[in-house]
Amino acid sequence: MKFTNKEVLIFDLDGTLIDSVPDLALSTNLMLEALDKPTYPVDTIRSWVGNGASVLTQRALSGSIDISPDLDPLFVEKALSIFLDFYKQNVCVNTCVYPNVKTTLQDLKELGYRLVIVTNKPEQFIAPILQKLGLANLFEMLVGGDTLPKRKPDPMQLEYVCNKLGVSATDCVMIGDSKNDIYAATAANMQSIGLTYGYNHGEDISTQGANLVLDDFADILSAMISTADAC
Ligand SMILES: O=C(O)COP(=O)(O)O
Ligand SMILES: [Mg+2]
């Protein structure tokens, strides 16, 4: 599968460009400790990441990917605020960029693709992480999980990008590690690429409807055919 004449490449952040789980897990466990709740191994917390900070907090308080219906909303609000404070202090301590991501993004940008991030992570954390990891200045637009009323798997963030950049869904490809990315793309009538090395709640991304599934970020380059190549 090749993608012809695309103009905008929309990237998920966590589990796609960066492995942020070490710092998310640290901050989650610091929050749980502060509330005298049980803490969890990094591997367990990894499977809870992908639906934003509030859902991660609720899963952690529930001790399960399935959020308990008995959680007190005021307690969740307090826990979320503690989590966000800890994450602010530890936003990029052990977070790292996945192999081949930086050079591939630079190559794609040089080829003329417009690069965008659409993540479910709260917006305030995106720029500091990109700055610290040397990925700032590559992206034309950053959309977080709290930028708009809805987030992935809802298509709202992708439709917003199209409107802002003046392109249509068929001009874009969504690239991510999670079914949330693929479902959002499908709902927006956008093609998608799934990456196998991320989180995806411990599930196999190849069964979730992406147009292409790749193991290596560098292979995105050969999956794109520019207008010039296609002629
Ligand atoms: O849930 C998160 O914070 C991570 O979300 P992302 O995979 O959409 O970047
Ligand atoms: Mg992700």
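The questions and answers below concern a predicted model of a protein chain with a ligand.

Visitor: Which domains does the domain assignment of the protein chain give?
Guide: The assignment splits the chain into two parts, one of them written as two segments. These are domain 1 (8-17 + 98-224) and domain 2 (20-90).

Visitor: How many residues of domain 2 are in contact with domain 1?
Guide: The C-alpha centres of the two domains are 24 Å apart. On the side of domain 1, 13 residues take part in the contact, and they divide into 3 nonpolar, 7 polar and 3 charged. On the side of domain 2, the number of residues is 10.

Visitor: Where does ligand 1 lie with respect to the domains?
Guide: The shell around ligand 1 holds 14 residues, and among the closest are Leu13, Asp14 and Thr119. By class, this shell has 3 nonpolar, 7 polar and 4 charged residues. Because domain 1 and domain 2 both give residues to the shell, ligand 1 lies between them.

Visitor: Is Asp12 buried or exposed?
Guide: Asp12 sits in the loop between strand 2 (8-11) and strand 3 (18-19), and an unreviewed UniProt entry annotates Asp12 as "active site". A residue needs 20 or more other C-beta atoms within 10 Å to count as buried. Asp12 has 28 of them, so Asp12 is buried.

Visitor: Which residues does Asp12 touch, not counting residues up to four places away in sequence?
Guide: The residues up to four places away are left out of this list. What remains is Val118, Thr119, Ile175, Gly176, Asp177, Ser178 and Asp181.

Visitor: Which helix gives the largest share of the largest nonpolar core?
Guide: The largest nonpolar core has 53 residues, and Ile10, Leu158, Met174 and Ile175 have the most contacts inside it. The core draws at least three residues from each of domain 1 and domain 2. The largest share is 5 residues, and the element that gives it is helix 1 (residues 21-34).

Visitor: What is Leu158 in contact with, leaving aside its neighbours within four places in sequence?
Guide: Leu158 is one of the residues with the most contacts inside the largest nonpolar core. Its contacts beyond those neighbours are Ile10, Val118, Met174, Ala184, Ala185, Ala188 and Met190.

Visitor: Is Gly202 buried or exposed?
Guide: Gly202 is in the loop between strand 8 (191-195) and strand 9 (212-214). Asp43 is 159 residues from Gly202 in sequence, and their C-alpha atoms are 9.3 Å apart in space. A residue with 12 or fewer other C-beta atoms within 10 Å counts as exposed. Gly202 has 11 such neighbours, so Gly202 is exposed.

Notes:
Residues are numbered from 1 along each chain as its sequence is written. Chains are lettered from A and ligands numbered from 1 in the order in which they are written. This is a predicted model: local features need pLDDT of at least 70, side-chain atom pairs count only at pLDDT 80 or more; totals for chains, interfaces and linings use all residues. Helices (H or I, at least four residues) and strands (E, at least two) are DSSP runs, numbered from the N terminus. A residue is near a molecule or strand if its C-beta atom, placed from the backbone, lies within 6 Å of it. Ala, Val, Leu, Ile, Met, Phe, Trp, Tyr, Cys and Pro count as nonpolar, Asp, Glu, Lys and Arg as charged, and the others, Gly among them, as polar. Domain bounds come from an automatic or database domain assignment. UniProt positions are given in the numbering used here, feature names are shortened, and annotations may be inferred rather than shown by experiment. Two residues are in contact if their C-beta atoms, placed from the backbone, lie within 7 Å. A nonpolar core is a set of buried Ala, Val, Leu, Ile, Met, Phe, Trp, Tyr and Cys residues joined through C-beta atoms within 7 Å.
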